[in-house]
Amino acid sequence: MENCLFCKIAAGEIPSNKLYEDDQILAFHDIDPQAPVHFLVIPKQHVDSAACLEETDSALVGHIFAVIARLCKELGCEDGYRVVTNVGEDGGQSVKHLHFHVLAKRSLAWPPG
Ligand code: AMP
Ligand code: ZN
């Protein structure tokens, strides 16, 4: 999608600090980390948000969570981690391309603000 920051990152037009990449998804460190480990996982194909996901996206979402589990293991997040996807204005979504935040290596408060 034109003028989408994460489409540009997925296409390599804007650099990112990559952790993992395959033909479907990309994982990269958040530019403004909110925890000692804070990375984002995005589908390369543009999806506005989790509100647009359908049954046919189940394999993609499963793949994303499997990669998150693997990366967290590799990064030594054995004490746990949090996966968050913000949707829309009230959800605090600032980039309108589906992304999963993964936060770890500090104790995370609940409920979130
Ligand atoms: P959200 O507010 O849920 O839409 O999250 C967007 C996230 O993207 C924020 O945590 C930003 O810090 C992060 N972000 C914005 N621009 C970049 C970038 N160029 N590279 C990495 N992360 C970014
Ligand atoms: Zn996009």
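Colleague: How are the donor residues of the zinc ion (ligand 2) spaced in sequence?

Modeller: The pattern reads C-x2-C-x38-H-x50-H. This is a predicted model, where local features need pLDDT of at least 70, side-chain atom pairs count only at pLDDT 80 or more, and totals for chains, interfaces and linings use all residues. Residues are numbered from 1 along each chain as its sequence is written, chains are lettered from A and ligands numbered from 1 in the order in which they are written, and side-chain values use heavy atoms, leaving out hydrogens and water.

Colleague: What makes C4, C7, H46 and H97 donors of the zinc ion (ligand 2)?

Modeller: Donors are N, O and S atoms within 2.8 Å of the metal (3.2 Å for Na, K and Ca); water is not among the atoms, so sites may look incomplete. Here SG of C4, SG of C7, ND1 of H46 and ND1 of H97 lie 2.0 to 2.3 Å from the zinc ion, so they qualify.

Colleague: Why is the site of the zinc ion (ligand 2) called tetrahedral?

Modeller: Four donors get that name if all angles lie between 85 and 135 degrees. The angles here are 105 to 116°, so the site passes.

Colleague: Why does C7 count as buried?

Modeller: Buried means under 20% relative accessible area (1.4 Å probe, protein chains only). C7 has 12%, so buried it is.

Colleague: And ligand 1: how do you know that D30 makes a polar contact with an oxygen atom there?

Modeller: For a ligand, we want a pair of N or O atoms within 3.5 Å. A side-chain N or O atom of D30 is 2.5 Å from that oxygen, so the pair counts. V95 offers a backbone N or O atom 2.9 Å from an oxygen atom of ligand 1.

How values were computed
Four donors count as tetrahedral if all angles lie between 85 and 135 degrees; four count as square planar and six as octahedral if opposite donors are over 155 degrees apart and all others between 65 and 115; anything else is irregular. Buried means under 20% relative accessible area, exposed over 50%, partly exposed in between (1.4 Å probe, protein chains only). A polar contact is a pair of N or O atoms within 3.5 Å; within protein, one must be able to donate a hydrogen and the other to accept it, and residues adjacent in sequence count only if both atoms are side-chain atoms.
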